[in-house]
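Biologist: I am new to reading protein models and would love a close look at one part. Could you take me slowly through one buried spot and tell me what surrounds it?

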Amino acid sequence: FKVPHKKMRVVYNGIDTEAFRPVEGVQKEKNRLIVVANTSDRKKGVLYLLRAVRDLRRDMDVKLTIVDRGRPDNEYTPALAERCGLNGSVEFTGRISTDELARQYCRAEVAVVPSLYEGFGLPAAEAMSCGIPVVSTTAGALGEVVDEKSGILVPAGDHNAIAEAVRRLLLDEGLRRSMGQAGRERVLKMFSWEEAARKTLDVYREVM
């Protein structure tokens with residue numbers, strides 16, 4: 001829109017860091033991945049994640065939780081999972097509460113955001129707030145949400161890169177732990193509602 005950068009101010013979306021937090025008593029499930037998306041939207045890139053899971057399962061017992069509707073409301077993603085030979089390896093939660101979503105994040109070892117485009121990337125920030133390492137594409141704004149300390153960034157539409165990044169995290173507990181902690185700290189610093197409010201007030205003060 002030909003607006004000079006010097007006239008722009010960015011205020012990021014806020015994350016409820018009390019709702020999305022490490023949940024005590026939730027046990028990690030070995031090699032469990034999670035994706036949170038309207039997966040029938042092709043821009044969410046679930047096709048590439050399912051292909052990555054298919055490749056990983058050749059030598060790892062990887063399981064995937066999809067926080068989205070399954071059949072009969074969503075025929076697209078279950079059909080893709082079947083085509084990739086993932087029957088029994090993929091579960092759909094359907095619509096769930098915020099509390100249950102936080103528990104699902106904490107149950108997983110790695111969160112994946114395979115989107116081809118994102119205006120922000122709430123699932124990435126929510127996972128980070130729960131202390132979960134993220135494998136994310138660089139599509140849209142995701143590279144501003146996830147950094148190299150909190151996750152692994154890969155090119156959009158590259159299932160091989162997704163598989164390689166997920167494998168690296170699943171095989172390295174120390175890396176998962178350090179990235180999870182860094183992600184929580186990044187959200188508290190940059191993406192809390194308190195930070196969003198403070199930056200909004202700063203903009204008002206600047207223009208008054």
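Modeller: Happy to help; we will go from the whole chain to the surroundings of Thr137 and Ser115, and then to some other places.

A word on the source first: this is a predicted model, where local features need pLDDT of at least 70, side-chain atom pairs count only at pLDDT 80 or more, and totals for chains, interfaces and linings use all residues. Residues are numbered from 1 along each chain as its sequence is written, and side-chain values use heavy atoms, with hydrogens and water left out.

The chain has eight helices and six strands. These are DSSP runs (H or I of at least four residues for helices, E of at least two for strands), numbered from the N terminus. Along the sequence they follow the pattern β-α-β-α-β-α-β-α-β-α-β-α-α-α. The radius of gyration is 17 Å, close to the 17 Å that the globule rule gives for 208 residues, so the chain is as compact as a globular protein of that length. That radius is taken over C-alpha atoms, and the rule is 2.2 Å times the number of residues to the power 0.38.

Buried residues make up 50% of the 208 residues. Here buried means under 20% relative accessible area, exposed means over 50%, and partly exposed lies in between (1.4 Å probe, protein chains only). Of the contacts with a separation of 6 or more, 72% are between residues 24 or more positions apart; a contact means heavy atoms within 4.5 Å.

Now to our spot. Thr137 sits in strand E5, which covers residues 134–137. With a relative accessible area of 1%, Thr137 is buried. What does Thr137 touch, leaving aside its neighbours within four places in sequence? Its contacts are Val113, Pro114, Ser115, Leu142, Leu153, Val154, Pro155 and Ala156. In addition, a polar atom of the Thr137 side chain lies 3.3 Å from the backbone nitrogen of Ala139.

Ser115, one of those contacts of Thr137, belongs to the loop between strand E4 (110–113) and helix H4 (122–129). Ser115 is buried too, at 2% relative accessibility. The side chains of Ser115 and Glu118 make a polar contact at 2.8 Å. Such a contact is a pair of N or O atoms within 3.5 Å; within protein, one must be able to donate a hydrogen and the other to accept it, and residues adjacent in sequence count only if both atoms are side-chain atoms. Not counting residues up to four places away in sequence, Ser115 touches Lys43, Lys44, Gly45, Thr137, Ala139, Leu142 and Ala156.

For contrast, look at Lys63 in strand E2 (residues 63–67). Lys63 is partly exposed, with a relative accessible area of 23%. Beyond its neighbours within four places in sequence, Lys63 is in contact with Asn31, Arg32, Leu33, Arg57, Gly88 and Ser89. Asn31, in the segment before E1, is buried, with a relative accessible area of 7%. The phi angle of Asn31 is near 65°, a positive value in a residue other than glycine.

Lys2 also has a positive phi, near 60°, but Lys2 is exposed at 85% relative accessibility. Finally, find Pro72 in the loop between E2 and helix H2 (76–83): a cis peptide bond joins Arg71 and Pro72, with omega about 5°.
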